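User: Hi! I'm new to reading protein models and would like to go slowly through one part of this one. Could you take a close look with me?

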Amino acid sequence: ETTRPIREGTLGVWDTTGLSGLYALQLQVIRLDQRVETALIQVTVDNQPPELALLSPAAGAGYTLSEQPAIILIASASDNLELDRVTFYIGGQEVASFAAPPYALAWAPRLGEHTWRVVASDLAGNQSEQTIQFSVK
């Protein structure tokens, strides 16, 4: 609450730490002539990052190039509200990005040690990330 006029400034700050879900914000202004004006808006607070699991390949898995024409990369991701994107990276390079499940890719393997990193982002900008390593001989 404040009694001093604010022009083109911040009326207040709402600490949403620990909150999640649908909330209603109400602004009530009492004019000099004692008229009351009210504005109400619903907002969704999302402080929870997505849940993410890398399903295949397993961490530390080893493949033989001559026997494995493709390696299937599979992740599982979900969010309490709504996911925006799930992005796959191999060796730091983006190889796929998904807006909806399934989060799977047939990747043409190359010789060497590989790092598979997956980033899941929700619509509020919260992110979860997981990384595993595997090898191709």
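User: Asp122 caught my eye. Is Asp122 buried or exposed, and which side chain of opposite charge is nearest to Asp122?

Analyst: Happy to dig in, and keep in mind that this is a predicted model. Asp122 is buried, and no salt bridge goes with it. The nearest side chain of opposite charge belongs to Arg85, and that one is 12 Å away. A salt bridge here needs a Lys or Arg side-chain nitrogen within 4 Å of a carboxyl oxygen of Asp or Glu, so a partner at that distance doesn't qualify.

So what does the Asp122 side chain reach instead? It gets to the backbone nitrogen of Ala124, at 3.0 Å. As for its place in the chain, Asp122 sits in strand β9, which covers residues 112-122. Leaving out residues up to four places away in sequence, Asp122 touches Asp46, Gln48, Pro49, Pro50, Asp79, Glu82, Leu83 and Asp84.

Now stay with strand β9 for a moment, and look at a charged residue that does have a partner. Arg117 and Glu129 meet through their side chains in a salt bridge, at 3.4 Å from N to O. This pair ties together distant parts of the chain: Arg117 is in strand β9 and Glu129 is in strand β10 (residues 127-136), 12 residues apart. Arg117 has a relative accessible area of 25%, so it is partly exposed. Glu129 also counts as partly exposed, because its relative accessibility is 47%.

The count of salt bridges comes to four. For some of the others, head over to Arg31, Asp33, Arg35 and Glu37, which are linked in a salt-bridge network. Within it, Arg31 pairs with Glu37, and their closest N and O atoms are 2.7 Å apart. Arg35 forms a salt bridge with Glu37 too, with the closest N and O atoms 3.8 Å apart. How open are these residues? Arg31 is partly exposed because its relative accessibility is 37%. Glu37, at 34%, counts as partly exposed, and so does Arg35, at 47%.

While you're there, check out Gln34, in the loop between β1 and β2 (36-45). Gln34 isn't a glycine, yet its phi is positive, at about 75°. That's worth a second look because most residues other than glycine have a negative phi. Gln34 counts as exposed because its relative accessibility is 59%. Glu8 is another non-glycine with a positive phi, about 50° in its case. You'll find Glu8 in the segment before β1, and with 89% relative accessibility it counts as exposed.

The backbone has a couple of other spots to visit. Most peptide bonds are trans. The bond from Ser56 to Pro57, though, is cis, with omega near 5°. Pro57 is in the loop between β3 (51-56) and β4 (62-63). The bond from Pro101 to Pro102 is cis as well, also with omega near 5°, and Pro102 lies in the loop between β7 (93-98) and β8 (103-107).

Last stop: the surface. Leu11, Leu27 and Val29 make up a nonpolar patch there, and together they have about 250 Å² of accessible area. Val29 belongs to strand β1 (residues 21-30). Its relative accessibility is 32%, so Val29 counts as partly exposed. Set that against where we began, with Asp122: a charged residue that is buried and has no salt bridge.

Key: Residues are numbered from 1 along each chain as its sequence is written. This is a predicted model: local features need pLDDT of at least 70, side-chain atom pairs count only at pLDDT 80 or more; totals for chains, interfaces and linings use all residues. Side-chain values use heavy atoms; hydrogens and water are left out. Patches are made of residues with over 30% relative accessible area and no salt bridge: like charges are joined within 9 Å, nonpolar side chains (Val, Leu, Ile, Met, Phe, Trp, Tyr) within 5 Å. Accessible areas come from the Shrake-Rupley method with a 1.4 Å probe; for residues, only the protein chains shown count as cover. Helices (H or I, at least four residues) and strands (E, at least two) are DSSP runs, numbered from the N terminus. Buried means under 20% relative accessible area, exposed over 50%, partly exposed in between (1.4 Å probe, protein chains only). Lys and Arg count as positive and Asp and Glu as negative; His and the chain ends are not counted. A polar contact is a pair of N or O atoms within 3.5 Å; within protein, one must be able to donate a hydrogen and the other to accept it, and residues adjacent in sequence count only if both atoms are side-chain atoms. Contact means heavy atoms within 4.5 Å.
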